[in-house]
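Trainee: I'm new to this one, and I'd like a slow, close look at a single part rather than a quick tour. Please start from one residue and work outward.

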Amino acid sequence: MVRLTAEFWVQAYLARLRQADIPAYVMARGDATAGAVLVKCSTLDGLAVAFQRRSDPMSGESRWMELAQGPEAEVDGAISRQRGFDPDLWVIEIEDRAGRHLLGEDGLA
């Protein structure tokens with residue numbers, strides 16, 4: 001199975017968000033080829049949720065799972081802890097009042 005590089009996936013994801021008029025930014029740049037990606041979605045009301053991609057060991061499928069949700073400062077703390085464990089981690093931040101992140105769409109798993 002062919003895997004996309006992390007940087008290629010991030011650039012494609014940002015392009016898809018731009019098409020949907022969803023503001024997003026790279027907050028931390030990870031390893032270009034094999035870095036994991038974490039997505040934070042801020043609803044601009046002091047709350048946020050962070051997602052990370054996990055692989056199911058039984059099926060081998062990847063899917064986005066919630067890492068943290070709640071007050072934005074707490075979500076930022078969880079992200080900082082993850083970056084402490086994994087300095088190659090990419091962090092994408094989305095700012096959308098409706099909480100749209102598009103991670104459930106085809107091609108983003």
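Trainee: What is the relative accessible area of Glu105, and is that residue buried, partly exposed or exposed?

Mentor: Glu105 has a relative accessible area of 38%, which makes it partly exposed. (Buried is under 20% relative accessible area, exposed is over 50%, and partly exposed is in between, using a 1.4 Å probe and protein chains only.) Before we go on, a word on what you're looking at: this is a predicted model, where local features need pLDDT of at least 70 and side-chain atom pairs count only at pLDDT 80 or more, while totals for chains, interfaces and linings use all residues. Residues are numbered from 1 along each chain as its sequence is written, and side-chain values use heavy atoms, with hydrogens and water left out.

Now, who is the partner of Glu105? It is Arg16, in a salt bridge whose closest N and O atoms are 3.8 Å apart. (A salt bridge here is a side-chain nitrogen of Lys or Arg within 4 Å of a carboxyl oxygen of Asp or Glu.) Arg16 sits in helix H1 and Glu105 in the segment after S5, so this pair links parts of the chain that are 89 residues apart. (Helices, H or I with at least four residues, and strands, E with at least two, are DSSP runs numbered from the N terminus.) Arg16 is also partly exposed, at 28% relative accessibility.

That takes us to H1, so stay there for a bit. Another salt bridge in this helix involves Glu7, whose side chain meets that of Arg29 at 2.2 Å, N to O. Since Arg29 lies in the loop between S1 and S2 while Glu7 is in H1, the pair ties together parts that are 22 residues apart in sequence. Glu7 is partly exposed, with a relative accessible area of 26%.

H1 also carries aromatic rings. The structure holds two aromatic pairs, and one of them is Trp9 with Tyr13, stacked at 4.9 Å centre to centre with 25° between the planes. (Rings of Phe, Tyr and Trp, using its six-membered ring, pair if their centres lie within 6.5 Å; planes under 30 degrees apart count as stacked, over 60 as edge-to-face and the rest as tilted.) Both residues lie in H1, which covers residues 6-19, and they are four residues apart, about one turn of the helix. Trp9 and Tyr13 are both buried. Trp9 pairs with Trp64 too: the centres are 5.6 Å apart and the planes are at 35°, so that pair is tilted. Trp64 belongs to strand S4 (residues 62-71), 55 residues away from Trp9, and Trp64 is buried as well. Put together, ring pairs link Trp9, Tyr13 and Trp64 into a cluster. On top of that, Arg53 lies over the face of Trp9, at 5.0 Å from the ring centre. (A charge sits over a ring if NZ of Lys or CZ of Arg is within 6 Å of the ring centre and within 35 degrees of the ring normal.)

What does H1 lie across? It lies across S1, S2 (37-42), S3, S4 and S5 (90-95), running at about 5° to S5. (Lying across is judged by contact, meaning heavy atoms within 4.5 Å; axes are lines fitted to C-alpha atoms, for helices over the stretch in contact, with angles from 0 to 180 degrees between N-to-C directions.) Helix H2 (residues 72-85) lies across those five strands too, at about 130° to S4.

The strands form an open sheet in the order S1-S5-S2-S3-S4, with mixed pairing. (Two strands pair if DSSP finds at least two bridges between them.) S1 (24-28) and S4 are at the edges with a single partner strand each, so one side of each has no neighbour in the sheet. Strands of a sheet pair through backbone hydrogen bonds, either parallel or antiparallel. S3 (residues 47-55) and S4 run antiparallel and are joined by nine bridges, with Ser55 standing opposite Ser62 in S4.

One last stop is the link from H2 to the sheet. Glu72 and Lys40 form a salt bridge, with the closest N and O atoms 2.7 Å apart. Glu72 is in H2 and Lys40 in S2, so parts 32 residues apart in sequence are tied together. Sharing of partners then joins Lys40, Glu72, Asp76 and Glu93 into one salt-bridge network. Lys40 is buried at 3% relative accessibility, and Glu93 counts as buried at 10%.
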